[in-house]
There are 2 protein chains.
Amino acid sequence: MRAVDIIRKKRDGGRLDAAEIAWMVHGIASGEVPDYQWSALLMAIVLNDMDASETAQLTDAMMRSGSILDLSNLEAPKVDKHSTGGVGDKTSLILAPIAAAAGLCVPMVSGRGLGHTGGTLDKLESIPGFRVDLDLSEARSVLERLGLVMIGQTAELAPADRFLYALRDATATVESIPLIAASILSKKLAEGIDALVLDVKTGDGAFLPQLEDSRQLARAMCNIGASLGKAVSALISSMEQPLGNAVGNSLEVAECLEVLRGRGPSDLIELSLELTAEMLVLGKQARSREEGLAISQRSIDDGCALERFRRLIEAQGGDPRVVDEPDRLPTAEHAVEIRARRSGIVSRVAARAIGHATMLIGAGRSRVDSRIDPAAGVVLLRKVGDEVEENEPLCRILYNRSTHLAEARELIANAFSIADQVPSPSPLIVERLGSNEERT
Amino acid sequence: MRAVDIIRKKRDGGRLDAAEIAWMVHGIASGEVPDYQWSALLMAIVLNDMDASETAQLTDAMMRSGSILDLSNLEAPKVDKHSTGGVGDKTSLILAPIAAAAGLCVPMVSGRGLGHTGGTLDKLESIPGFRVDLDLSEARSVLERLGLVMIGQTAELAPADRFLYALRDATATVESIPLIAASILSKKLAEGIDALVLDVKTGDGAFLPQLEDSRQLARAMCNIGASLGKAVSALISSMEQPLGNAVGNSLEVAECLEVLRGRGPSDLIELSLELTAEMLVLGKQARSREEGLAISQRSIDDGCALERFRRLIEAQGGDPRVVDEPDRLPTAEHAVEIRARRSGIVSRVAARAIGHATMLIGAGRSRVDSRIDPAAGVVLLRKVGDEVEENEPLCRILYNRSTHLAEARELIANAFSIADQVPSPSPLIVERLGSNEERT
């Protein structure tokens with residue numbers, strides 16, 4: 001087999017077969033396929049697309065490029081959740097303890113924030129002492145004891161994805177549904193899971209803002225699951241405004257603790273419980289979404305979920321006292337409020353601008369090597385549909401570095417729109433898709 | 001400027017501006033643009049095309065990536081010819097001496113053969129002692145004395161083209177009219193010429209067999225010339241059957257000597273004189289094609305062109321006695337004839353198959369590092385339109401290595417078609433194009 005022939009086939013709009021795809025992916029590690037050939041193929045894929053079967057074969061080959069966790073000695077169904085990323089999107093810290101408390105095994109490998117979106121690892125690391133860099137044997141031990149573990153991507157899992165992602169980033173070949181889907185699923189399926197629930201964001205703050213793109217990505221990933229014999233379903237959820245009220249790492253951890261105590265913002269509760277219910281259904285711990293919701297609510301009400309989170313923090317080296325004393329989380333030195341310019345009803349809180357502003361004050365990364373400030377962030381005091389009087393506060397900015405504060409304030413002020421009328425309500429969960437079929 | 005933004009622009013169908021193109025080409029040498037970014041851009045260009053102005057800017061940037069010969073101290077108009085490559089295509093050895101004898105300066109930088117097509121350098125090197133690797137100062141000295149020099153590509157001229165060509169070859173991005181046009185013209189214009197005549201082949205043995213592709217390539221190159229202030233015109237000539245009767249290096253040199261003595265096959269004479277006439281018109285040594293043809297014919301008739309070729313051979317280290325004693329050229333040990341299976345009129349002599357067969361017996365290269373046999377080749381005894389009786393010879397195969405002889409014989413036998421009717425004559429010169437305008 002020759003890379004140049006495979007590239008030519010895709011260049012001319014052909015369909016690559018499983019052997020060709022496997023050979024190209026294998027060639028990354030073997031050195032038979034240099035990066036300059038892969039980047040030409042990536043561009044040909046971006047411009048000429050891949051069908052469902054090619055996408056599944058690419059995912060499978062990338063998943064097999066490294067170790068696949070063998071969790072077969074664990075009896076519990078292995079189910080994970082993946083989000084395409086958003087602003088204030090912190091459901092992992094809520095649903096993983098609930099799902100584990102409800103009998104699932106959740107081997108969660110997450111990423112860091114970049115640009116306007118946050119990352120689970122950054123949020124966890126705002127807990128003093130918390131280690132996300134467990135090696136696979138440490139992670140397995142935590143998983144066996146607690147039914148969950150939350151770590152970062154390791155060199156062993158899907159190394160081809162890291163190579164290809166870096167190459168895509170440098171060659172303007174990120175924006176391709178098949179490549180995005182294969183990247184996400186290859187990493188997640190290398191966790192050795194049986195089932196996966198996807199939270200595909202749509203709207204202003206989403207990686208893919210257009211609903212049709214989100215739908216295509218969700219469908220592509222469900223199809224991959226079906227092809228590879230994994231139960232994969234997707235919720236498409238709105239990322240028009242930030243999820244919950246807190247945006248910024250320690251602020252988001254504190255908000256998750258609130259939800260695990262049965263309090264907290266309603267949108268965050270709703271999405272977290274819906275995702276958990278879906279995980280429980282796929283993992284056969286609930287017969288229906290309704291039962292899944294009830295089980296999830298119960299593990300919040302009886303404190304089991306919060307307790308599971310406390311034990312996770314302890315097991316991964318963090319200070320478990322933050323659970324009862326959230327003041328032990330890093331706090332910012334300064335605060336400033338953004339106030340309403342007029343009275344009315346909040347009609348828009350643009351997620352991307354809020355996310356970008358929190359990045360500017362240090363809560364996120366403009367580059368992969370940026371250092372973040374775990375305490376910085378924004379707390380929304382009004383969200384879409386809320387009434388506000390002129391000069392009342394809309395949100396509070398918490399910061400230590402004031403370098404880009406003025407720019408952040410301006411962005412945030414402009415992120416809010418206030419209208420006379422109550423906006424027509426838009427659903428938080430826009431669509432649900434199961435493997436190979438839509439389920440409203 | 002960032003390569004990824006430039007790649008994204010072309011990926012999305014945008015038009016690159018002169019600064020972006022210059023920066024990308026400069027980045028090859030400066031190391032700012034690694035090969036994997038260039039290969040992604042190349043694929044985006046293949047699939048999304050470049051317009052005439054982008055193509056001219058790419059050519060200009062590639063030309064400027066190395067030295068440009070400064071021939072301004074030479075008074076004679078500097079005019080060269082370039083062919084897109086064919087089988088038995090040996091016009092350079094005829095037209096360069098004629099053009100020099102008629103007052104032009106011809107600084108010809110040529111290539112080697114690959115696959116079914118031959119190369120000028122290989123033909124010249126079949127002359128004992130002939131050196132094509134003169135350095136630029138030696139070349140300039142020959143050019144000043146004789147008005148012509150024939151050398152190989154040097155490291156100094158258009159180095160970006162060598163880098164990009166190797167990358168295109170490995171990434172299935174060769175087949176793009178703008179990239180082909182820029183590659184050819186950047187090298188040729190780095191010769192410091194005022195004008196260039198292109199021989200764009202079309203038909204079976206051509207690099208681009210389809211007339212519409214040949215036409216597009218010719219037009220693209222004429223447009224580049226117009227944009228960069230150089231007189232560029234093109235003849236589109238038929239490569240359905242080999243040009244002349246000889247295919248193979250020393251055999252072709254001998255045939256060129258015949259033409260320079262006023263003998264030789266009519267198609268080779270016609271194309272050589274038409275190309276020379278066009279060079280003389282562009283170089284203002286003739287007012288019309290007819291005058292150019294007359295001047296060319298005169299320099300054959302009075303022996304000036306042959307004498308110029310003899311002096312060139314001597315100046316470049318070759319044995320000038322081959323001019324009067326062609327037996328001094330390498331000759332093959334063995335010969336075998338292919339005979340007609342039936343009587344009739346030859347209706348086809350497929351150029352590509354003949355070229356491929358001569359490569360198999362050692363006259364050409366299957367890989368860039370193959371060693372060639374200067375004596376091997378084929379002499380056609382019948383061409384399209386000729387009558388033949390059953391069992392009369394159609395051609396003679398001359399060879400030293402018999403490794404692939406059987407395969408070559410079969411290819412050649414099948415390359416000939418014999419019909420009952422005289423085929424409808426097809427013109428050797430299919431079209432003529434001038435800078436930015438077709439000229440019948």
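How many of the 17 residues of α12(A) are buried? Select helix α12, residues 266-282 of chain A, in this predicted model to find out. The count is 13 of the 17, so α12(A) is largely enclosed by the rest of the structure. Now pick the first and last C-alpha atoms of α12(A): the helix reaches 24 Å between them, close to the 24 Å expected at 1.5 Å a residue. Step past the end of α12(A) to A:Lys284, which follows the helix and has a positive phi, near 60°.

**A strand residue in chain A**

Stay in chain A and select A:Ser110, which lies in strand β2, residues 106-110. A:Ser110 has 14% relative accessibility, and because buried means under 20%, A:Ser110 counts as buried. Show what surrounds A:Ser110, leaving aside neighbours within four places in sequence: the contacts are A:Thr120, A:Leu121, A:Ile151, A:Gly152 and A:Gln153.

**The two chains together**

Zoom out until chain A and chain B are both in view. Two copies of a chain are related by a rotation about an axis and a shift along it. Here a rotation of 179°, with 0.2 Å of shift along its axis, superposes chain B on chain A with an RMSD of 0.1 Å. That is the relation of a two-fold axis. To place the axis in chain B, select B:Tyr36: its C-alpha is the one in chain B nearest the axis, 1.9 Å from it.

Next, colour the residues where the chains meet. On chain B, 21 residues are in contact with 21 residues of chain A. Of the interface residues of chain B, 100% are also interface residues in chain A, so the copies meet through the same surface. About 1,700 Å² is buried between chain B and chain A, and carbon and sulfur atoms give 67% of that area.

Two salt bridges are found across the interface of chain B and chain A. For one of them, select A:Arg11 and B:Glu175, whose closest N and O atoms are 2.7 Å apart. Nine residue pairs, both residues at pLDDT 80 or more, are in polar contact across the interface of chain B and chain A. Which helices should be selected on the chain B side? Take α1 (3-11), α3 (35-48) and α8 (159-170) of chain B, each of which supplies at least two residues of the side that touches chain A. The most comes from α3(B), which gives 10 residues to that side.

**Two helices of chain B**

Leave the interface and select helix α9, residues 177-189 of chain B. At 1.5 Å a residue its 13 residues should span 18 Å, and the end C-alpha atoms are 18 Å apart, which agrees. Of these 13 residues of α9(B), 12 are buried, so the helix is largely enclosed by the rest of the structure. Among the buried residues of α9(B) are B:Ile177, B:Pro178, B:Ser183, B:Lys188 and B:Leu189.

Go on to helix α11, residues 249-260 of chain B. Its 12 residues should span 16 Å at 1.5 Å a residue, and the end C-alpha atoms are 17 Å apart, which agrees. α11(B) is mostly covered, with 10 of its 12 residues buried. The buried residues include B:Asn249, B:Glu252, B:Glu255, B:Cys256 and B:Leu260. After α11(B) comes B:Gly262, whose phi is positive, near 90°.

**Two prolines in loops**

Select B:Pro242, found in the loop between β5 (231-238) and β6 (246-247) of chain B. Is B:Pro242 buried or exposed? B:Pro242 is buried, with a relative accessible area of 1%. Not counting residues up to four places away in sequence, B:Pro242 touches B:Val87, B:Val247, B:Asp267, B:Val349, B:Ala351, B:Ile354, B:Leu380 and B:Lys383. For a distance check, add B:Glu407: it is 165 residues from B:Pro242 in sequence and 19 Å from it in space, C-alpha to C-alpha.

The last stop is B:Pro330, in the loop between α14 (304-315) and β7 (334-339) of chain B. B:Pro330 is partly exposed, with a relative accessible area of 25%. Leaving aside neighbours within four places in sequence, B:Pro330 is in contact with B:Ser126, B:Ser250, B:Pro374 and B:Ala375. One of these, B:Ser250, is also among the buried residues of α11(B). Finally, add B:Arg365, 35 residues from B:Pro330 along the chain; their C-alpha atoms are separated by 18 Å.

Note on methods
Residues are numbered from 1 along each chain as its sequence is written. Chains are lettered from A and ligands numbered from 1 in the order in which they are written. This is a predicted model: local features need pLDDT of at least 70, side-chain atom pairs count only at pLDDT 80 or more; totals for chains, interfaces and linings use all residues. Side-chain values use heavy atoms; hydrogens and water are left out. Copies are superposed by least squares on the C-alpha atoms of residues with pLDDT of at least 70 in both. Contact means heavy atoms within 4.5 Å. Helices (H or I, at least four residues) and strands (E, at least two) are DSSP runs, numbered from the N terminus. The expected span of a helix is 1.5 Å times one less than its number of residues. Buried means under 20% relative accessible area, exposed over 50%, partly exposed in between (1.4 Å probe, protein chains only). Buried area is the accessible area (1.4 Å probe) that two parts lose on being put together, summed over both. A salt bridge is a side-chain nitrogen of Lys or Arg within 4 Å of a carboxyl oxygen of Asp or Glu. A polar contact is a pair of N or O atoms within 3.5 Å; within protein, one must be able to donate a hydrogen and the other to accept it, and residues adjacent in sequence count only if both atoms are side-chain atoms.
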